[in-house]
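Please consider the structure shown here. A short exchange about its strands follows.

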Amino acid sequence: MEEEEIQAEVLSGSAAAGIKEGQAGVSASGGLLGMRFDQPGELPFAAETNIARAAVDASVGTSGFSFGAGASVVDAALELGDLEPDRGDSMDTSVRAGLGAGVGAAVRGHYADQDGDGIPETGLGADIGPVSIDVKSEALGRASNAITEDAVDVGAPGWRRWLPGG
Ligand SMILES: [Ca+2]
Ligand SMILES: [Ca+2]
């Protein structure tokens with residue numbers, strides 16, 4: 001995404017059950033009005049707001065998990081950081097924080113390699129009453145990849161002894 005973008009949805013609704021893209025579960029959501037603004041560039045951010053929204057979700061699969069239910073009269077959220085992971089050196093960290101007038105509780109786990117650089121973006125999110133927060137980053141994936149590579153490096157001399165000329 002290169003240009004700023006505004007999306008708006010009026011009277012939206014969706015419901016799904018089954019297995020799709022490695023995720024199994026059920027979900028349903030509906031809203032009177034939803035808007036989202038995306039600003040790419042040096043300091044990318046996204047802002048979204050919803051009026052009269054309700055959602056229920058239970059899913060688990062290869063890209064994480066999500067369990068929760070909630071309804072709000074009005075809510076708004078701001079997302080900052082590397083909203084679209086890329087193959088550069090950055091940790092691709094993003095934070096989303098929201099506030100709403102409503103009820104609900106949810107927990108989410110993210111696991112994906114959206115940019116395909118071999119480093120998974122992992123994260124956690126939760127909705128607790130009026131507050132919603134999500135954090136996503138390649139930091140954990142980079143750490144675990146480094147540990148795995150170190151283990152291979154440490155193990156390698158041992159293996160090489162058994163090879164011809166080792
Ligand atoms: Ca990346
Ligand atoms: Ca990645």
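The questions below concern strand pairing and one residue.

Me: What kind of model is this, and how are its residues numbered?
Reply: This is a predicted model, in which local features need pLDDT of at least 70, side-chain atom pairs count only at pLDDT 80 or more, and totals for chains, interfaces and linings use all residues. Chains are lettered from A and ligands numbered from 1 in the order in which they are written, while residues are numbered along each chain as its sequence is written, from 1.

Me: Over how many bridges do strand 2 and strand 3 pair?
Reply: Strands are DSSP runs (E, at least two residues), numbered from the N terminus, and two of them pair if DSSP finds at least two bridges between them. Strand 2 covers residues 23–39 and strand 3 residues 45–61. One bridge joins Gly-34 to Asn-50 in strand 3. The two strands run in the antiparallel sense, and their bridges number 16.

Me: How many residues lie between strand 3 and strand 4 in their hairpin?
Reply: Strand 4 spans residues 64–81 and pairs with strand 3 in the antiparallel sense over 16 bridges. Thr-49 stands opposite Ala-76 of strand 4. The number of residues between strand 3 and strand 4 is two.

Me: Why is Val-73 classed as partly exposed?
Reply: Val-73 belongs to strand 4. A residue is buried with 20 or more other C-beta atoms within 10 Å of its own, exposed with 12 or fewer, and partly exposed in between, the C-beta atoms being placed from the backbone. Val-73 is partly exposed because the number of other C-beta atoms within 10 Å is 13.

Key:
Helices (H or I, at least four residues) and strands (E, at least two) are DSSP runs, numbered from the N terminus.
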